[in-house]
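Morning, everyone. I have one chain to show you today. Please have a look at it before I start.

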Amino acid sequence: MHALVTLAFVFTLVAAKCDSSHAPQLEWSRLASGSHLDIVFERPTLWVVKSGAEVKKFGPELLEKLASVDFEKQVAVIVAAQVPTGGYQLQIVAIKPTEQSKLTVTAQLSAPPPASMTTMVVSQPHSVALL
């Protein structure tokens with residue numbers, strides 16, 4: 001059995017295109033996941049991306065995955081962690097409203113099974129959801 005860590009982030013949507021006043025009907029969908037971003041960070045992080053121009057800083061892999069997003073109607077939520085080897089997976093499992101304009105994003109980071117063969121390179125597992 002491999003280790004599972006749950007990460008929780010609370011953020012406020014300010015001037016975003018989605019309206020959290022309809023909290024019970026909040027719709028979101030998983031768009032993509034991967035293991036590398038072209039951005040430096042030290043601890044588990046959440047980004048809210050509101051335009052195609054903002055996506056460029058994450059690198060070509062994510063830019064391609066978000067190419068079809070209409071940022072006039074949606075925002076992208078990216079959760080990422082930096083880990084010491086390959087084999088980790090990160091998945092957004094819930095996005096729930098907590099109070100006016102605030103959302104809680106819950107993600108799970110799973111480690112590779114013990115004694116499994118993994119790449120010996122720093123990885124950045126990430127998950128992307130659309131609101």
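First, a definition: helices here are DSSP runs of H or I with at least four residues, numbered from the N terminus. Keep in mind as well that this is a predicted model.

With that in hand, go to helix α2, residues 60–65. Lys 65 and Glu 61 both sit in this helix, four residues apart, so about one helical turn separates them. Their side chains meet in a salt bridge, at 3.1 Å from N to O. How many salt bridges does a search of the whole structure find? One. What about exposure of the two partners? Lys 65 is partly exposed, at 25% relative accessible area. Glu 61 is partly exposed too, at 37%.

Now step back to the whole chain. It has two helices and seven strands. Along the sequence the pattern reads β-β-β-α-α-β-β-β-β. There are 131 residues, and 40% of them count as buried. The accessible surface is about 7,600 Å². Carbon and sulfur atoms make up 54% of that surface. Now the contacts. Take those with a separation of 6 or more: 77% of them are between residues 24 or more positions apart.

Next, the open sheet. Strands of a sheet pair through backbone hydrogen bonds, either parallel or antiparallel. Which sense do we have in this open sheet, and in what order do its four strands come? The pairing is antiparallel, and the order is β2-β7-β4-β3. The edges are β2 and β3, the latter being residues 45–49. Each has a single partner strand, so one side of each is left without a neighbour in the sheet. From one strand to the next, the twist averages 20°.

Look at one edge, β3. Its partner is β4, residues 76–80. Five bridges join the two, and they run antiparallel. To find your place there, use Leu 46: its bridge partner in β4 is Val 79.

The other edge is β2, residues 29–34, and there we find Arg 30. Is Arg 30 buried, exposed or partly exposed? It is partly exposed, at 47% relative accessibility; the cut-off for exposed is over 50%. What does Arg 30 touch, beyond its neighbours within four places in sequence? The contacts are Gln 91, Ile 92, Val 93, Val 128 and Ala 129.

Take Gln 91. It is 61 residues from Arg 30 in sequence. In space, the C-alpha atoms of the pair are 8.6 Å apart. Their side chains are joined by a polar contact of 3.4 Å. Then Ile 92. Here the Arg 30 side chain puts a polar atom 2.7 Å from the backbone oxygen of Ile 92.

That brings us to β5, residues 89–99. β5 pairs with β6 in the antiparallel sense, over nine bridges. As a landmark, Leu 90 has Leu 109 of β6 as its bridge partner. The two strands form a hairpin with two residues between them. One residue to check there is Ser 101, which takes a positive phi near 65°.

Last stop, β6 itself, residues 102–110. How many of its nine residues are buried? Seven, so by the cut-off those seven each have under 20% relative accessible area. The strand is mostly covered.

That is my tour. Over to you.

Note on methods
Residues numbered from 1 in each chain as written. Predicted model: local features only at pLDDT ≥ 70, side-chain atom pairs only at ≥ 80, totals over all residues. Heavy atoms only, no water. Buried < 20%, exposed > 50% of the residue type's maximum accessible area, 1.4 Å probe, protein only. Pairing = 2+ DSSP bridges. Contact = heavy atoms within 4.5 Å. Areas by Shrake-Rupley, 256 points an atom, 1.4 Å probe, with all protein chains shown as cover. Salt bridge = Lys/Arg side-chain N within 4 Å of Asp/Glu carboxyl O. Polar contact = N/O pair within 3.5 Å; in protein donor to acceptor, adjacent residues only side chain to side chain. Axes fitted to C-alpha atoms, helices over the stretch in contact; angles between N-to-C directions.
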